[in-house]
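Hi,

Here is the structure I promised to pass on. Have a look at it first, and then read my notes underneath.

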Amino acid sequence: MTRLKSRFLVDLLIRRAEAAGGFATVVAKGDDNSGIILVECSDRGEPGPLLERRFSPAGRYIWEPVGPDDPKDGESRANYQERRRKADPDLWIVELNIADAPQLVAEWAALT
């Protein structure tokens, strides 16, 4: 299985969000080739889940909700992202603001 580069995947997500009328931006740039991707979902400014792309034991990538249980707890959310970034400086953090952001991530993930 060919592994797509993280930079390519992030660019693709940004283009898909914009094409669907949403907004996406890179909050923290990670490793172009193999950085883990964390997506900060929101809908019209209302915070949603944090989703992280991880390699599963089954040998494929999956998207899992991570971070604090309450997405509206901005301080806990920011602290979680800061801890993840310190633990993994290759981590990409992408802010995605669009209706049903998790669904867009799922559709994008199916392409990859």
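Below is what turned up when I went through it, starting with the first helix and moving on to the salt bridges and a few loop residues. Please keep in mind that this is a predicted model.

**Helix H1**

Helix H1 runs over residues 6–19, which makes 14 residues. At 1.5 Å a residue it should span 20 Å, and its end C-alpha atoms are indeed 20 Å apart, so the expected and computed lengths agree. The buried residues in H1 include Ser6, Leu9, Val10, Leu13, Ile14 and Ala17. Around the axis they cover an arc of only 135°, which means that they sit on the same side of H1. Turn to the other side of H1 and you find Arg15 and Ala19, which are exposed. After the helix comes glycine 21, with a positive phi near 90°.

**Salt bridges**

How many salt bridges does a search of the whole structure find? The count is nine. Here are some that I looked at in detail.

Let's begin inside H1. Arginine 7 pairs with aspartate 11 in a salt bridge, with 3.1 Å between the closest N and O atoms. The two are four residues apart in helix H1, so about one helical turn separates them. Arginine 7 has 31% relative accessibility, so it counts as partly exposed.

The next one reaches further along the chain. Arginine 16 and glutamate 107 meet through their side chains in a salt bridge, at 3.8 Å from N to O. This pair links distant parts of the chain, since arginine 16 belongs to helix H1 and glutamate 107 to helix H3 (residues 101–111), 91 residues apart. Both partners count as partly exposed: arginine 16 at 27% relative accessibility, and glutamate 107 at 36%.

Then there is glutamate 52, which forms a salt bridge with arginine 84; their closest N and O atoms are 3.0 Å apart. Glutamate 52 is in strand S3 (residues 46–55) and arginine 84 in helix H2 (residues 74–87), so this bridge ties together parts that are 32 residues apart in sequence. Are these two buried or exposed? Glutamate 52 is buried, at a relative accessible area of 2%. Arginine 84 is buried as well, at 16%, and the cut-off for that label is under 20%. The pair is also part of something wider: Glu52, Arg54, Glu64 and Arg84 are joined into one network by salt bridges that share partners.

**Aromatic rings**

If you were hoping for aromatic pairs, the structure holds zero of them. There is, however, a charge over a ring: arginine 53 lies over the face of tyrosine 61, at 3.5 Å from the ring centre.

**Loop residues**

Which residues does serine 34 touch, leaving aside those up to four places away in sequence? They are Arg3 and Ser6, and you will remember Ser6 as one of the buried residues in H1. Serine 34 itself is in the loop between strand S1 (23–28) and strand S2 (37–43), and it is partly exposed, with a relative accessible area of 39%. From serine 34 to proline 102 it is 68 residues in sequence and 22 Å in space, C-alpha to C-alpha.

Glycine 59 sits in the loop between S3 and strand S4 (61–66). With 35% relative accessibility, glycine 59 counts as partly exposed. Its C-alpha atom is 21 Å from that of aspartate 31, and the two residues are 28 apart along the chain.

Finally, two backbone angles for you to check. Most residues other than glycine have a negative phi. Arginine 44 is not a glycine, yet it has a positive phi of about 55°. You will find arginine 44 in the loop between S2 and S3, where it is exposed, with a relative accessible area of 68%. Aspartate 100 is another non-glycine residue with a positive phi, about 55°. It lies in the loop between strand S5 (92–97) and H3, and it is partly exposed, at a relative accessible area of 48%.

That's the tour. Shout if you want to go through any of it together.

Cheers

Note on methods. Residues numbered from 1 in each chain as written. Predicted model: local features only at pLDDT ≥ 70, side-chain atom pairs only at ≥ 80, totals over all residues. Heavy atoms only, no water. Expected span 1.5 Å × (residues − 1). Buried < 20%, exposed > 50% of the residue type's maximum accessible area, 1.4 Å probe, protein only. Arc of directions from axis to C-beta. Salt bridge = Lys/Arg side-chain N within 4 Å of Asp/Glu carboxyl O. Phe/Tyr/Trp six-rings, centres within 6.5 Å; stacked < 30°, edge-to-face > 60°. Lys NZ or Arg CZ within 6 Å of the ring centre and 35° of its normal. Contact = heavy atoms within 4.5 Å.
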